[in-house]
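Reader: I should like to learn how strand pairing and a pocket lining are read from a model. May we work through an example together?

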Amino acid sequence: MSILDRFLQPPAPRVEAVGSEAAARLSAIHASAFARAWSPLDFERLLGERGVVADGLFLGRATKPVGFVLSRTVLDEAEIITVAIAPEARGKGHARPLLAHHLDALSRRGVAQVHLEVEEGNAPAIALYRRAGFRDVGRREGYYRKSDGTKVAALTMALSL
């Protein structure tokens with residue numbers, strides 16, 4: 001690779017820990033992905049909690065994330081609270097390395113079991129989780145409320161690290 005290539009080719013996507021400074025951006029991404037969006041204040045509070053692990057996905061030289069994953073850890077277990085990718089970055093395979101990095105970070109913290117809930121009809125997310133090794137462990141009827149007011153089931157999934 002020449003020195004010129006370094007300037008012409010954007011850097012590879014990177015995953016980094018994010019904190020409350022990213023609350024507004026995370027809220028905007030979340031609002032683009034979920035019917036019941038969380039506010040920047042919700043994110044500030046969550047990111048300030050002990051045991052919350054948050055990773056952001058950054059493309060090129062961007063200083064603002066285009067995706068994120070948040071988990072809450074207690075002892076040797078974690079729950080993935082939310083994962084979202086901005087509309088302009090969806091469908092490009094970015095969620096897989098983001099999730100893999102996050103799971104590795106949880107493992108390095110001593111987490112042995114990871115849990116999550118996902119809307120039953122969210123095929124891309126379910127496929128992502130299954131590719132990562134999560135298995136179905138249950139189902140919660142009427143767990144999620146859609147923007148039209150209807151309710152849909154959540155699948156509960158788990159992964160041993």
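Author: The turns below treat a strand and its partners, then a pocket. Please note that this is a predicted model.

Reader: Where should one begin with strand S3, and is the strand mostly covered or uncovered?

Author: One begins with the accessibility of each residue, where buried means under 20% relative accessible area. Strand S3 spans residues 67-74, and six of its eight residues are buried, so that the strand is mostly covered under that cut-off.

Reader: Which strand does S3 join through six bridges?

Author: That partner is strand S2, residues 52-58, which runs antiparallel to S3. Within this pairing, Asp55 stands opposite Val69 of S3.

Reader: How many bridges join S3 to strand S4?

Author: Eight bridges link S3 to S4 (residues 77-85), and these two strands also run antiparallel. Here Ser71 faces Ile80 of S4 as its opposite residue. S3 and S4 form a hairpin with two residues between the strands, and Leu75 there has a positive phi near 55°.

Reader: What space lies in the largest pocket?

Author: The largest pocket holds about 1200 Å³. Its lining comprises 39 residues, and those closest to the centre are Ala33, Phe34, Thr82, Val83 and Asn122.

Reader: Which element supplies the largest share of that lining?

Author: S4 does, with seven residues. Elements that each supply at least two residues include helix H2 (23-33), helix H4 (95-108) and strand S6 (135-145).

Reader: How do the lining residues divide by character?

Author: The lining of the largest pocket has 20 nonpolar, nine polar and 10 charged residues.

Terms used
Residues are numbered from 1 along each chain as its sequence is written. This is a predicted model: local features need pLDDT of at least 70, side-chain atom pairs count only at pLDDT 80 or more; totals for chains, interfaces and linings use all residues. Side-chain values use heavy atoms; hydrogens and water are left out. Buried means under 20% relative accessible area, exposed over 50%, partly exposed in between (1.4 Å probe, protein chains only). Helices (H or I, at least four residues) and strands (E, at least two) are DSSP runs, numbered from the N terminus. Two strands pair if DSSP finds at least two bridges between them. On a 1 Å grid over the protein atoms alone, a cavity is a set of points where a 1.4 Å probe fits but cannot get out, and a pocket is an open set with protein on both sides within 12 Å along at least five of seven lines; lining residues have an atom within 4 Å of a point. Grid points are joined across faces, edges and corners, and a volume is the space filled by probe spheres set on the points. Ala, Val, Leu, Ile, Met, Phe, Trp, Tyr, Cys and Pro count as nonpolar, Asp, Glu, Lys and Arg as charged, and the others, Gly among them, as polar.
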